[in-house]
Structure formats: structure tokens, C-alpha cells
Amino acid sequence: MKKTVSIFCAIFVLLITFAGCGSGQGMPEPTETPVVQATEYTGVDIKIGALKGPTGMGISKLMKDSENGITANHYQVELFSAPTDITGLLINGELDIAAVPTNLAATLYNKTKGGVKLLALNTLGVLYVLEKGDTVHSINDLAGKKICSSGQASTPEYALNYVLEKNNIQCEVEYFATHDELVAQALAGKADIILIPEPYVSTLLAKDAGFRIAVDFNAAWDAACNGEILFSMGCLAVRTEFAQNNKEALDKFVEEYTASVEYVNANPKEAAGIIAEYGIVPSAEIAEAAIPNCNMVTVINEEMKNKTIPFIQILFENNASSVGGAIPGEDFYYTK
């Protein structure tokens with residue numbers, strides 16, 4: 001009898017023990033790992049200056065998206081007619097980023113002793129030779145002729161000098177102060193062969209069907225340098241102080257700017273409406289016609305650096321003052 005009771009008691013103890021284990025009683029409580037909340041990016045205000053024309057065309061979708069509140073940062077974009085209108089504002093901090101000619105970015109770097117960096121190349125060759133007539137079909141046909149151009153003391157002049165010299169071409173060049181003035185002279189019958197950038201090419205062709213694109217100057221550039229030097233006419237420059245203090249914001253800007261350029265290139269009709277809305281180009285029709293010839297890109301980091309250095313070298317050799325009197329140092333290039 002005593003043996004039976006002992007067995008029963010032992011079984012009862014085991015049952016209680018298993019029941020306790022099943023309910024978690026008597027076991028050490030698991031240690032919980034604290035949940036670290038990710039910091040939510042709130043964005044910053046970025047002040048940008050852009051030129052009417054290809055640089056403004058590329059940023060147009062970003063302007064619209066920022067206006068609609070769907071960008072990571074808030075972008076305040078101001079449009080200007082001439083690069084000289086931008087330089088002072090970028091130097092004194094009224095602008096954080098500016099779309100300017102590539103040689104101007106190098107000049108500002110030298111002028112500010114490193115206060116401005118090259119952030120991205122955004123516009124390749126946009127120059128074309130137009131003729132009212134049928135005598136010019138290649139760059140060599142300019143020999144002995146008179147060509148009218150805009151952009152004196154800037155990239156168009158230095159690029160034209162380089163191509164003419166490489167092809168041993170002698171011709172007369174007359175410069176006009178602005179692209180608009182050159183178009184007016186052409187429409188008045190006072191300039192039959194002209195070198196001019198988009199979107200002024202499309203503007204002139206829309207107003208006078210007698211003109212035609214005689215030479216793709218960008219192809220002439222490639223031929224002159226054997227395709228080894230990128231014709232990087234336009235870029236994005238950033239204040240060094242802003243870049244150092246707002247790295248995450250700047251990286252997000254580059255992403256959103258790249259998306260804007262890709263949208264404009266892929267959707268010329270839709271983008272043309274946005275471009276005209278902001279007054280970047282006089283009409284949607286002209287903007288749509290110009291987009292395929294504007295060579296809008298986003299080239300960044302080491303690729304940007306490697307492709308800009310030889311271009312800056314050409315400008316420096318042609319006219320040292322075109323890049324501020326000296327070849328920019330390594331710290332000119334914003335790379336990750």
C-alpha cells in the first residue's frame with residue numbers, strides 16, 4: 001500500500017512540473033532587445049539658380065515636383081538669363097547650387113579659393129551651325145566664310161577656336177552680345193551662317209523656314225578630338241560649405257535632379273508643357289522640338305572628374321582666364 005502511494009505522489013509531482021514548464025512558469029524571462037527608431041529624413045531648403053535654356057529645361061520636372069510637395073527636399077529655383085547674374089549670388093551664399101557653364105564653375109573655384117565645387121555635368125554639346133542657303137555641309141565648308149556667333153569670352157568661343165584650329169580653317173567670326181540678338185540679326189537677314197545653341201536653334205527654325213541645321217557642331221568637336229574629350233558645356237556647381245554641411249540633402253538632390261532630367265528626355269511632349277509654364281522656353285512647341293538636341297545628362301563622381309579634366313585643359317590652353325587663370329585642384333570635384 002505504501003509503495004502504491006509513493007508512485008502516485010511521484011507521478012503527481014511530475015505532472016505539476018510539466019504543467020509549470022508549459023505555462024512558462026519557473027523559466028527565466030527572455031531579455032528584450034530595445035527597438036531603435038530610425039531617424040526620419042525631413043529635408044532641407046535648397047536654393048538653386050538655373051539658366052533659361054537646357055539647364056533650366058532639365059530641372060523643370062524637379063521644380064514641379066517640389067511645388068507639389070513630393071520631393072525629399074524643398075527646392076527654391078530661380079531662373080536667370082545670363083551666367084553673370086548667378087555668380088555673385090552663389091559666392092555670397094544666396095544660392096546653394098547653380099547650373100552654370102562648366103568653365104564658369106572652374107573660374108568660381110579659383111576666385112573663391114575652393115569655395116565652389118563641381119557637383120555634376122548636366123549639359124553636353126548644344127551648339128549647331130545654321131545656314132540660310134545650301135553652301136555649308138561640313139565644318140570644312142566654313143573656310144573663307146563669315147560666321148556669326150554668340151557666347152564670346154565663354155565656352156562657344158573657345159570651342160569654336162579649338163575646332164577651327166584642329167581643322168586648319170580660316171574664317172571670319174563676328175560675335176553678338178546675346179543669343180536673342182543673334183536670332184534677331186538672322187531674322188533680319190543680317191546673318192546667314194550662325195553658331196547658336198538650343199533652344200535658340202528651334203526658335204529660329206520655327207520663325208524662318210529658310211534656315212536649316214548645316215553642321216552638328218558637337219559631332220565636329222568629337223571629330224576634332226577623336227572622341228577623347230567630352231564636350232561638357234554645362235554643369236551643376238555647389239558651394240563647398242553647403243556640401244560639407246548637408247551631405248545627405250545634397251545626395252538626395254542629385255538623385256531627384258537625375259530623375260528630372262531622365263523624365264524630360266523620355267517625355268518631351270509632357271515636359272515641354274512644364275518648361276513653357278515656368279517660362280524657361282517661350283513655348284511648349286519650341287521646347288518639345290529642342291529637347292532631343294539639348295544633350296541633357298547627369299554625370300557624377302569619378303566619371304565626371306575624369307571627363308572634365310581634359311576639357312578644362314583645352315580651355316586653359318586656349319585662354320587661361322576662361323577657367324580663372326589656373327587648372328582647378330583635386331578638391332574641385334565633388335565625389336563620393
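Colleague: At what angle to E2 does helix H2 (residues 54-67) run?
Modeller: This is a predicted model, in which local features need pLDDT of at least 70 and side-chain atom pairs count only at pLDDT 80 or more, while totals for chains, interfaces and linings use all residues. Residues are numbered from 1 along each chain as its sequence is written, and side-chain values use heavy atoms, with hydrogens and water left out. Helices (H or I, at least four residues) and strands (E, at least two) are DSSP runs numbered from the N terminus, and axes are lines fitted to C-alpha atoms, for helices over the stretch in contact, with angles from 0 to 180 degrees between N-to-C directions. H2 lies across E1, E2, E3, strand E4 (116-123) and E11, and its angle to E2 is about 145°.

Colleague: Which strands stand at the edges of the sheet E2-E1-E3-E10-E4-E11?
Modeller: Six strands form this open sheet, with mixed pairing, where two strands pair if DSSP finds at least two bridges between them. One side of each edge strand is left without a neighbour in the sheet, because each has a single partner strand; these are strand E2 (74-80) and strand E11 (296-299).

Colleague: Within that sheet, which residue in E3 is the bridge partner of Gly49?
Modeller: Strand E1 (residues 45-51) and strand E3 (residues 97-101) pair in the parallel sense over two bridges. In E3, the partner of Gly49 is Ala98.

Colleague: How are H4 and H13 oriented to each other, roughly parallel or roughly perpendicular?
Modeller: The axes of helix H4 (residues 102-111) and helix H13 (residues 301-318) come within 11 Å and cross at roughly 85°. Angles under 35 degrees count as roughly parallel, over 145 as roughly antiparallel, 65 to 115 as roughly perpendicular and the rest as oblique. The pair is therefore roughly perpendicular.

Colleague: Which residues in H13 do Thr102, Asn103 and Ala106 meet?
Modeller: Contact means heavy atoms within 4.5 Å. Those three residues in H4 meet Thr308, Phe311, Ile312 and Leu315.

Colleague: In the other sheet, which residue in E7 is the bridge partner of Ser150?
Modeller: Five strands form an open sheet in the order E7-E6-E8-E5-E9, with mixed pairing. Five bridges join strand E6 (residues 146-150) to E7, and the two run parallel. Ser150 has as its bridge partner in E7 Phe176.

Colleague: Over which residues is the pLDDT below 50?
Modeller: The pLDDT is the predictor's confidence in each residue, from 0 to 100, and its mean over the chain is 89, with 88% of the residues reaching 70 or more. One stretch falls below 50, and beyond near neighbours in sequence it has one contact in the model: residues 1-28.
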